[in-house]
Amino acid sequence: MPLQKGKDRAREAFERLNALPKTTVSVSFRLPKRSRDKLREHFEKDGLSLAQGLKMVATRYMYEIGIK
């Protein structure tokens, strides 16, 4: 049964990605588990998920270096 739950979550994730405007792009990278956990804890303090926090950081950095 747990395998089915994983498949359902994956299907939901792909549906959400497919629903995004075609002008968006998905970015993927790997982090050591401890670093990921530290980032998740930090962003949760602001009420953000890990994905939301990383998106915010990337967007702020783009503005900082002049990419708007």
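Select Arg 36 first: this residue is partly exposed, with a relative accessible area of 29%, where partly exposed lies between buried, under 20%, and exposed, over 50%, for a 1.4 Å probe and protein chains only. The model is a predicted one, in which local features need pLDDT of at least 70 and side-chain atom pairs count only at pLDDT 80 or more, while totals for chains, interfaces and linings use all residues. Residues are numbered from 1 along each chain as its sequence is written, and side-chain values use heavy atoms, with hydrogens and water left out.

Add Asp 37 to the selection, and its side chain is seen to meet that of Arg 36 in a salt bridge of 3.3 Å, N to O; the term stands for a side-chain nitrogen of Lys or Arg within 4 Å of a carboxyl oxygen of Asp or Glu.

Next select Arg 40, which is partly exposed at 31% and forms a salt bridge with Asp 37, the closest N and O atoms lying 3.8 Å apart. Arg 40 and Asp 37 are 3 residues apart in helix α2, so about one helical turn separates them. Together, Arg 36, Asp 37 and Arg 40 are linked in a network of salt bridges, and a search of the whole structure finds 2 such bridges.

Now widen the selection to helix α2, residues 33-45, whose 13 residues reach 19 Å from the first C-alpha to the last, close to the 18 Å expected at 1.5 Å a residue, a span taken as 1.5 Å times one less than the number of residues. Helices here are DSSP runs of H or I with at least four residues, and strands are runs of E with at least two. Just after α2, select Gly 47, which takes a positive phi of about 80°.

Finally, show the whole chain, which has 3 helices and 0 strands.
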